[in-house]
Amino acid sequence: ERKAIISSESASIMTAILQEAIDDGTGTAILTKYGIQLPLAGKTGTSQDYSDAWFAAYNPNLVMVTRVGTSSSAVHFNSGTYGSGSRLALPLVGGTLSKIEANSALQKQYNTSFKSPSFFITTLLECDDFKEKLTRKEEKAIQHNTKKYPTPNTKPKKKKRKKKNRR
């Protein structure tokens, strides 16, 4: 029996964030260098001393994680130029996904799109610097959803009780 460990809203937010990491972040090489067309969300990672690097990518039908590294911190790169997740671990996933895309049966099996995030989630992920002017209706929808699904930095406002005049 499957049991949810996070809410569907949290899962949608995390997926949208990790799709951005593929589209505009440290995971872009999966698209630009390897030409992968599969819908993906993912994240690169690098240890402080460049002795470990990893890359994780997923979609609704596929999860791939690679780690390149050593258990000894004495063996490491001196910088992220060669020792980062995008340089060491991502190419392993890129090569594997290229083979999946070249095989029509596998491509059909793993070419699965994510559900589109709600307007509320999309709006939460937009930075103020890049937001376009919202309509009054959109602003009210965001305010309504923030009250319904508060984020860690927002708390629903408590209703003030009217004091009764006692005489």
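Read from the N terminus on, the elements of the protein chain run α-α-β-β-β-α-α-α-α-α-α. Colour the chain by secondary structure and you should find 8 helices and 3 strands. Please keep in mind throughout the tour that this is a predicted model.

**Stop 1: the whole chain**

Start with a surface view. The protein chain has 167 residues, and buried ones make up 26% of them. The chain exposes about 12,900 Å², with carbon and sulfur atoms supplying 52% of that area. If you like contact maps, look at the pairs with a separation of 6 or more: residues 24 or more positions apart account for 57% of those contacts.

**Stop 2: strand 1 and strand 2**

Now select residues 41–46, which form strand 1, and add residues 52–59 for strand 2. Strand 1 and strand 2 pair in the antiparallel sense over 6 bridges. Two of the facing pairs can be shown as sticks: Lys-43 has Ala-56 as its bridge partner in strand 2, and Gly-45 stands opposite Trp-54 in strand 2.

Which residue takes a positive phi in the hairpin of strand 1 and strand 2? Click on Tyr-50, whose phi is positive and near 60°. This hairpin has 5 residues between the strands.

**Stop 3: on to strand 3**

Keep strand 2 selected and add residues 62–69, which are strand 3. Here, too, the pairing is antiparallel, with 8 bridges between strand 2 and strand 3. The hairpin that joins them passes through 2 residues. For facing pairs, show Ala-57, which stands opposite Met-64 in strand 3, and Ala-53, which stands opposite Val-68 in strand 3. While the sheet is on screen, a general point helps when you rotate it: in a regular strand the side chains alternate between the two faces of the sheet.

**Stop 4: Leu-97**

Next, select residues 90–102, which make up helix 5, and centre on Leu-97 within that helix. Is Leu-97 buried or exposed? Leu-97 is buried, because its relative accessible area is 0% and buried means under 20%.

Show the surroundings of Leu-97. Setting aside neighbours within four places in sequence, Leu-97 is in contact with Ile-30, Ile-36, Leu-38, Leu-40, Leu-62 and Met-64. You have already met Met-64 as the residue opposite Ala-57. For a distance to check in your viewer, pick the C-alpha atoms of Leu-97 and Gln-37: these residues are 60 apart in sequence and 9.2 Å apart in space.

**Stop 5: the largest pocket**

Finish at the largest pocket, which has a volume of about 420 Å³. To find its centre, select Ser-8, Ala-11, Ser-12, Thr-15 and Lys-115, which lie nearest to it among the 20 lining residues. Helix 1 (8–24), strand 2 (52–59) and helix 7 (119–124) are the elements that give two or more residues to this lining.

Which element gives the most to the lining of the largest pocket? Helix 1 does, with 7 residues. Colouring the lining by residue class is a good last view: 10 residues are nonpolar, 8 are polar and 2 are charged.

Technical notes. Residues are numbered from 1 along each chain as its sequence is written. This is a predicted model: local features need pLDDT of at least 70, side-chain atom pairs count only at pLDDT 80 or more; totals for chains, interfaces and linings use all residues. Side-chain values use heavy atoms; hydrogens and water are left out. On a 1 Å grid over the protein atoms alone, a cavity is a set of points where a 1.4 Å probe fits but cannot get out, and a pocket is an open set with protein on both sides within 12 Å along at least five of seven lines; lining residues have an atom within 4 Å of a point. Grid points are joined across faces, edges and corners, and a volume is the space filled by probe spheres set on the points. Helices (H or I, at least four residues) and strands (E, at least two) are DSSP runs, numbered from the N terminus. Ala, Val, Leu, Ile, Met, Phe, Trp, Tyr, Cys and Pro count as nonpolar, Asp, Glu, Lys and Arg as charged, and the others, Gly among them, as polar. Buried means under 20% relative accessible area, exposed over 50%, partly exposed in between (1.4 Å probe, protein chains only). Contact means heavy atoms within 4.5 Å. Accessible areas come from the Shrake-Rupley method with a 1.4 Å probe; for residues, only the protein chains shown count as cover. Two strands pair if DSSP finds at least two bridges between them.
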